[in-house]
Amino acid sequence: MVATMEDQLLLLLQDTQSPAEGPRKQAELHLQQAQNDPAFPSALSAIASHASVVPEIRQQALLVLRPFVENNWSGQDENGLTIQVAEPVKVQLRNQLLELATSGDADRKVKSAASYVVSKIANVDFPEEWPSLLPTILRIIPNANDAQLHGALKVLADLVEDALSEDQFFQVARDIIKTVYEVALNEGRKTTLRALAVSVFRGCFDIMDMVKDEHGAEVKNFADEILSSWSPFFMVVLKKQLSPTPADGEEMVEGYKGLIALKCQVVKTLMKIRQVFPQLLLPQSPILFNAVWDELSLLQEPYKNLFVDNDAQGRMEDSDGLPYTLDYLVLEELDFFSSCLRAPPVQKGLEALLQTSGGVSSTKWALDVMKLAVAYAQIPKEDEEMWDIDVNLYLAEETSVTANYTARTACGDLLIKLGEWLNQGALEGLLTYTRQIFSTESAWRLKESALFLLTHLMNDFLDVDKSVTPDVAGGYFDLVEYAINQADEPLLRARGYLVAGVSVQSIPNVALVLLDRTIKGVNDDESEVVRVSCIKSLQGFMAARTVPADRQIPIVVAISQFLYAKDLTELEDADDLLVTLVETLAAAIGLDPMITISGDSGALDLLFLLAKHGAQNFQLTMLVTETFETIVGNFSGTEAYTALCGKVLPSLTGAFNVGDMTEDDQLVEVGTSISFTRSSDIDGSQLATELLAVLTENGTEPLPAGYVASSLPKLNRLLMATNEGGILRPGVEAIKYMLMYDHQQVFTWHDDQNRSGLEVCLIIIDRLLNPAMEDNSASEVGGLAAELVEKAGQERLGPFLPQLLKAVAMRLATAEAAPFIQSLILVFARLSLVGAQDVVQFLTEIDINGLVGLQVVLSKWLEHSVHFAGYDGIRQNVIALSKIYALNDPRVVQISVKGDLIIPVSSKIMTRSQTKKTPDQYTIVPANLKIIKVLIEELLSASGHGAAANAAAAAAAEFADEEADDDGWEDLPQNILDLGLGTTKAELMAFGEGQGSFMRQRDDETQSYLMEFFVHATKENIGGFNELHALLTDDEKAKLNDLLALQ
């Protein structure tokens, strides 16, 4: 049976490697079905163990086995039923896979895959069901051959990373660390294996990091003890010089590659120790600093030869994930060098030298650091070649949005750290060294590198509002002049323009000749890198507010000429270029927004054209929206608003041609305006709808004549044809604002079927209230419905009013998304402001799925009130609830709703699956008491006490952390997000799902209303308040008394 199963699975595994999609998908399906066969895991393990099977299939067998083990080995899975694995099969697999992982003849990738499966088994079985696992590995390692040692270290690494709990680790920590220490020190072993042993040692600090808060002293003492033996080894490795770089074209020798891997792991481990136990490294920081500095100085020429002068292959790792190319080592050492530079013992020594030298620019070590940074910040040959092909990659580095962290960017960060410490002295030192470079026949790359570091440092000063004296900033202008005149070096010219753009922001008066030359360079320079650098540089000139009014149109024209000279169809993949163009255009418009409605500058058309080609880029659409908001905000309430509407409405509504959904992407000209999206492009339609909402929100009262007739017809067709929330939400908002500012224009307008604006609004609302519509897509419908009811009233709506309100109530019963729930509740809240009794009466008379409407609506209303967002919405909700309470209507009092959360008495830690099975429990209270509870919480929020308490608690916790662990390093990353942490990922996901923490801010108007409400309720016993007060919790009573005492 097993043999037959093996044969079947072997064929299926082979088919999963097929390039043909059909056989591959079929094989994957059959493998999924085969999991129910008891022989499935044993057969996969046997295939992986057969030396006669090709390594790719053996590895694939283990890759299929791994998720099977993860899902079924424990016999419990929160996502569904598991496939039971018999105990004899488990025993067989444990032994077989461990033997495979530590064998001396298997392929490295096969052994790595086997090791990973072993670690998944160990997650469940170690140590109770598999107590021999760790002793076996530790017994194998000392006497193993290289192949066996590699497998054993991989298993050990996976155990440390995935399988050992904190308690288990400290029972065996000494044995593990002693074993890998002996491997690391053994120069008779291959250096790659020694590097892997150091990597295992580094993994131990991740576990120590988890438990140091609970067992700080013990863990720290243990770390101090083991570090005393490892530190000499670290120093030996750091000081060991690399052999000469292998000649270009030769295969990298094993010793060279292995030593780089070992050095990388040592530096990574030191960085990890600094992060977890920073004080332990402080005494050694000057020695480590000098050792790394010495090596970086020695590696400058080999690095330059490999990656600056030539295009050597870099960023390479072996099959175990160990980096082994020189660029990786340089990058790790630059980061460690930067961190050591911030250690107090290092700074103390360096500051003493500064004082004796009389300043940064005359201190040898400071200039040596500048020399080091400039050397490693030179443009790599590979980047130069890629930038020549794709200017977007160049802009990505300039805007620091690239994920490609290199020695060049690391040197920029090093200069920033120097600037944080030495302030303007860092700029002075860099200027001194830069002048030395420019005064000699140095290579253009060195000159560009020095100016690149200046750009990096100056931008950081600007970001943190750190001033730069004009004489220091002005000291670079002769270097800028030199750079932009280098006809044969486009990258140096480009850098010159970028330095100009950042330097002018620190100088009061700059000669206009440099600005004019930058504008001219946008189109006249032969290099595209230089042209886009000029565009980027113009942002700096405009930020410095030194651009005269008569240069605004030339800047816009230059951008326009640059754009129209390109193949516009290629722009959709040029995100960084598009963003740069929009940023510069936005800055130009910001000089005087009147340019958008006067003359023939075409600024708005240009903005919309850029939006058309970048509609799928979130950052770009945000920039376009913000720019448009600024323009509209400047014109709001003025005659210029009418002129703006006449100019932009054709462009915006041109994006709503629903009838052309299948047409090809074309530039559709409407008058002098450009429709910036094809109708089939959801992203473009979404942006157009958002801009229309912005335009309408900032409208005049009444709106310009013809506004509704120009915008509502196509917007209506779009809203009736799409289910996309990104279009529906702003589209509905736009109609809401039309009603808010000019309902008469809406109601008197008729569509091509002679339906009035009122009827069109009702049809849109009815569509969005359909249960088939997603909550998030329809989340603005409540605001539209409330505005329609308020503006149309009973007189216009007639029998449609109760139908509309019942539809809102019925949809509220099934709503789940918080914004949608708030939107629907506010329909009844706004009605309650002027007719609370009528609202209660209406809800009492309707039936919702067999329940009284009042029960359904009040339950949902009171459960979600404390989660409302937006000052206006919160205020309206608070006033509405107070008015419903003041009715003292027995029908409201008789409604039972959720009260307070019942805290479980048990202290047992529950898993997520157990929590799902035992949902939160609440007390049941009458609705009028719940209203009081809600209003107390709203008073607390409106008074700012909630936000203040949270801020105070956070500050106290931070202070306590600082007091408890003063590590001595200036900026240890204790409060930055570590995206590798599971907790960080969970918090980010929760925030993205709307479950993140939300702190309301003080609202004086709401606070004043509620204070007055509670004072009157107490004095006059409104709604039996004094009796209800006795039913409040002690905490609620205390909160209310404290808040009222402030009056």
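Helices (H or I, at least four residues) and strands (E, at least two) are DSSP runs here, numbered from the N terminus. With that in hand, take Pro702, which sits in the loop between α33 (682-697) and α34 (707-721). The peptide bond that leads from Glu701 into Pro702 is cis, with omega near 5 degrees.

The structure is a predicted model, in which local features need pLDDT of at least 70, side-chain atom pairs count only at pLDDT 80 or more, and totals for chains, interfaces and linings use all residues. Residues are numbered from 1 along each chain as its sequence is written, and side-chain values use heavy atoms, with hydrogens and water left out.

Stay with the backbone. Most residues other than glycine have a negative phi, and most peptide bonds are trans. Another cis bond joins Phe126 and Pro127, with omega about 0 degrees. Pro127 belongs to the loop between α6 (108-125) and α7 (133-143). Positive phi values come next. Arg545 is not a glycine, yet its phi is positive, about 60 degrees. The loop between α27 (528-543) and α28 (552-564) holds Arg545. Arg545 counts as exposed because its relative accessibility is 76% (buried means under 20% relative accessible area, exposed over 50%, partly exposed in between, with a 1.4 Å probe and protein chains only). Asn849 also has a positive phi, near 55 degrees. Its loop runs between β3 (847-848) and β4 (851-852). Asn849 is exposed, at 62% relative accessible area.

Now look for empty space. Rolling a probe the size of a water molecule over the atoms shows where empty space is left. On a 1 Å grid over the protein atoms alone, a cavity is a set of points where a 1.4 Å probe fits but cannot get out, and lining residues have an atom within 4 Å of a point. Grid points are joined across faces, edges and corners, and a volume is the space filled by probe spheres set on the points. The search of the whole structure yields two cavities of 30 Å³ or more.

The largest cavity has a volume of about 40 Å³. Its lining consists of Val839, Val840, Leu843, Leu854, Leu858, Trp861, Ile884 and Val892. Helices α39 (818-845) and α40 (853-864) each supply at least two of these residues. By class, the lining has eight nonpolar, no polar and no charged residues (Ala, Val, Leu, Ile, Met, Phe, Trp, Tyr, Cys and Pro count as nonpolar, Asp, Glu, Lys and Arg as charged, and the others, Gly among them, as polar).

The second largest cavity holds about 30 Å³. Ile884, Tyr885, Asn888, Asp889, Val892, Val893, Asn928 and Gly1023 line this cavity. Helices α41 (871-886) and α42 (890-893) each give at least two residues to the lining. Four of its residues are nonpolar, three polar and one charged. Ile884 and Val892 appear in both linings.

Turn to the charges. Side chains of opposite charge can pair when their charged atoms come close. The structure holds 43 salt bridges, each a side-chain nitrogen of Lys or Arg within 4 Å of a carboxyl oxygen of Asp or Glu. One of them pairs Arg94 with Glu87 at 3.3 Å, N to O. Arg94 counts as buried, at 6% relative accessibility. Glu87 is partly exposed, at 39%.

Glu225 and Arg174 form another bridge, at 2.6 Å, N to O. Glu225 lies in helix α11 (residues 216-239) and Arg174 in helix α9 (residues 166-185), so the pair ties together parts that are 51 residues apart in sequence. Glu225 is partly exposed at 41% relative accessibility, and Arg174 is partly exposed at 48%.

Lys520 pairs with Asp524, their closest N and O atoms being 2.9 Å apart. The two are four residues apart in helix α26 (residues 512-524), which means about one helical turn separates them. Lys520 counts as exposed, at 53% relative accessibility. Elsewhere, salt bridges that share partners link Glu397, Glu398, Arg408, Glu448 and Arg495 into one network.

Two contacts across the sequence close the tour. Ser503, in helix α25 (residues 490-503), is buried at 1% relative accessibility. Ser503 and Met458 are 45 residues apart in sequence, with 7.4 Å between their C-alpha atoms. Lys381 lies in helix α18 (residues 381-389) and is partly exposed at 26% relative accessibility. Lys381 and Asn310 are 71 residues apart along the chain, and their C-alpha atoms are separated by 5.9 Å.

Methods
1 Å grid on protein atoms, 1.4 Å probe; cavity = no way out; pocket = protein on both sides within 12 Å on 5 of 7 lines; lining within 4 Å.
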